[in-house]
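Here's a quick briefing to read alongside the coordinates. Pull up the viewer and follow along by topic.

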Amino acid sequence: MKSEEDGFTFICLKSELKENIGRKFIVDEIEVAVFKRNDEIFALSNICPHQQTRLIYDGFVEDEFVVCPAHGWKFNLRTGKKDSGSNGLDTYPVMIVDNQIFVKVHPKKLRW
Ligand code: FES
């Protein structure tokens, strides 16, 4: 379901997410890992920049970080940055309407 005028896409109901347990969604061909922590929703790229594993959704949530299950790199849920502060995962805007979660992705431009 699309929210046409603003580019947000419906992914699921907030009540369908468990605290600190990620889920994977495909939005406009982009893999998005979505987490609920302290009742707040975060959406990040599902693809780890370390070795491009598609497992971020399966990561362990520790404080405000998600830990990649492959080799333990940590990413801030809110900013996507690594715990060292360097660039990590893309993050995506989230919109909540009643119990519904919408996410807006911004696909990378193709480079020729
Ligand atoms: S692939 Fe994520 S830490 Fe190595």
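I101 is a good place to start in this predicted model: outside its neighbours within four places in sequence, I101 is in contact with T9, F10, I11, C12, L13, K14, L17, I41, V94, M95 and I96. I101 is also one of the residues with the most contacts inside the largest nonpolar core.

**Nonpolar cores**
- That largest core has 14 residues, and I11, V32, V34, Y92, V103 and V105 join I101 on the list of those with the most contacts inside it.
- Two or more residues each come from β2 (8–13), β3, β4, β5 and β11 (100–103).
- β4 gives the largest share, 3 residues.
- There's a second, separate core of 12 residues, with L44, C48, C68 and L89 among them.

**The sheet**
- Four strands make an open sheet in the order β3-β4-β5-β9, paired antiparallel.
- β3 (23–27) and β9 (91–92) sit at the edges with a single partner strand each, so one side of each has no neighbour in the sheet.
- β5 (residues 40–45) and β9 run antiparallel and are joined by 2 bridges.
- A43 stands opposite Y92 of β9.

**E31, a charged residue to check**
- E31 belongs to strand β4 (residues 30–37).
- Its relative accessibility is 14%, and because the cut-off for buried is under 20%, E31 counts as buried.
- The E31 side chain makes polar contacts with two side chains: N46 at 2.8 Å and R54 at 2.6 Å.
- Beyond its neighbours within four places in sequence, E31 is in contact with K24, F25, I26, L44, S45, N46 and R54.

Terms used:
Residues numbered from 1 in each chain as written. Predicted model: local features only at pLDDT ≥ 70, side-chain atom pairs only at ≥ 80, totals over all residues. Heavy atoms only, no water. Pairing = 2+ DSSP bridges. Buried < 20%, exposed > 50% of the residue type's maximum accessible area, 1.4 Å probe, protein only. Polar contact = N/O pair within 3.5 Å; in protein donor to acceptor, adjacent residues only side chain to side chain. Contact = heavy atoms within 4.5 Å. Core = buried A, V, L, I, M, F, W, Y, C linked by side-chain atoms within 4.5 Å.
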